[in-house]
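Okay, thanks for making time, everyone. I'd like to spend a couple of minutes on charged side chains, so let me put the thing up on the screen.

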Amino acid sequence: MNKQYKNIVILTGAGISAESGLATFRSADGLWNNHKVEDVATIEAFWRNPDYVHQFYNEMRPELFAAKPNAAHLAITKLQKEYSANISVVTQNVDTLHEKAGNTNIYHIHGQINQIVCLNCGHVFETWSDVSSEDKCEQCGIAGMLKPNIVFFGENLLYMDQVDRLLSSCDLFVSVGTSGVVYPAAGFVQVAKFGGAETVEFNLETTSNNYMFDRHITGPAGTTLPQFVDELIEKS
Ligand code: OAD
């Protein structure tokens, strides 16, 4: 890991936000908060009972609004400012901690908590306020079609064309705090590796697709990622 990289992709999962106090999905107190995934995170659930789904995300929004970025998010900002390469952040997280830390080139492939999409006209707008099934779209005026702009099971991921291009042309792929069990994000390391990238994984533990990585850095990302960033900057 000594060369000067030109195109870096950093994939992040819930683990990068853990040290900001946000629960990961597959921990005991997971983010679905004892709700069944099929009741709050599938498109069928949304059509069946939109207000139940809205209530779930309405309750989550203030916690994510209040959360503050940690040293791992800030390390990415430092890398983007002090290392001369195209550095993209592809995140599965719906929180906005990358934005709060000042990261740039962020792709929220699973959507983001502070956005709403109108399923009638496709209009996307930002809000931290509660949303209900009675609200009207500010663009088309139709009520009952507003949905949190969060990718539910049964929906396509966002920005995949751009992300595919970034993955196949990157020379360093870094994965931070993701369990690597939810596809397609779990397969990104493979795409990057087949394109010739070096691959590094930051996690607290060994993940199920760990064999795809050239290097594993074990420990809390708020400690390990800043060290890694400093090493990259020193060697550049
Ligand atoms: P998970 O909860 O599956 O995994 C979090 C990972 O972060 C685990 O592998 C932990 O070991 C690791 N971890 C926890 N704390 C850490 C720390 N301080 N430093 C480093 N690593 C740490 O979360 P994701 O992989 O993000 O999708 O889950 C992927 C997707 O599953 C989510 O985006 C969500 C869910 O289905 C949707 O909602 C569409």
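I'll go through some salt bridges, pair by pair, and say how exposed each partner is. Before that, keep in mind that this is a predicted model.

So, how many salt bridges does the structure hold? The count comes to four, and I'll talk about some of them, including the one between K78 and D230.

Let's take that pair now. K78 and D230 come together through their side chains, with 2.8 Å from N to O. This pair ties together distant parts of the chain: K78 sits in helix α4, residues 71-82, while D230 belongs to helix α8, residues 221-235, and the two are 152 residues apart. Are these two buried or exposed? Well, K78 counts as partly exposed because its relative accessibility is 32%, and D230 is also partly exposed, at 30%.

Next up, E155 and K147. Their side chains form a salt bridge at 3.1 Å, again N to O. Now look at the lysine: K147 has a relative accessible area of 2%, so it is buried; the cut-off for that is under 20%. Its partner E155 has 25%, so that one is partly exposed.

And then there's R48 with D39. Here the closest N and O atoms are 3.9 Å apart, and the cut-off for calling it a salt bridge is within 4 Å. R48 counts as exposed because its relative accessibility is 58%, whereas D39, at 27%, counts as partly exposed.

That's my bit, happy to take questions.

Definitions and conventions
Residues are numbered from 1 along each chain as its sequence is written. This is a predicted model: local features need pLDDT of at least 70, side-chain atom pairs count only at pLDDT 80 or more; totals for chains, interfaces and linings use all residues. Side-chain values use heavy atoms; hydrogens and water are left out. Buried means under 20% relative accessible area, exposed over 50%, partly exposed in between (1.4 Å probe, protein chains only). Helices (H or I, at least four residues) and strands (E, at least two) are DSSP runs, numbered from the N terminus.
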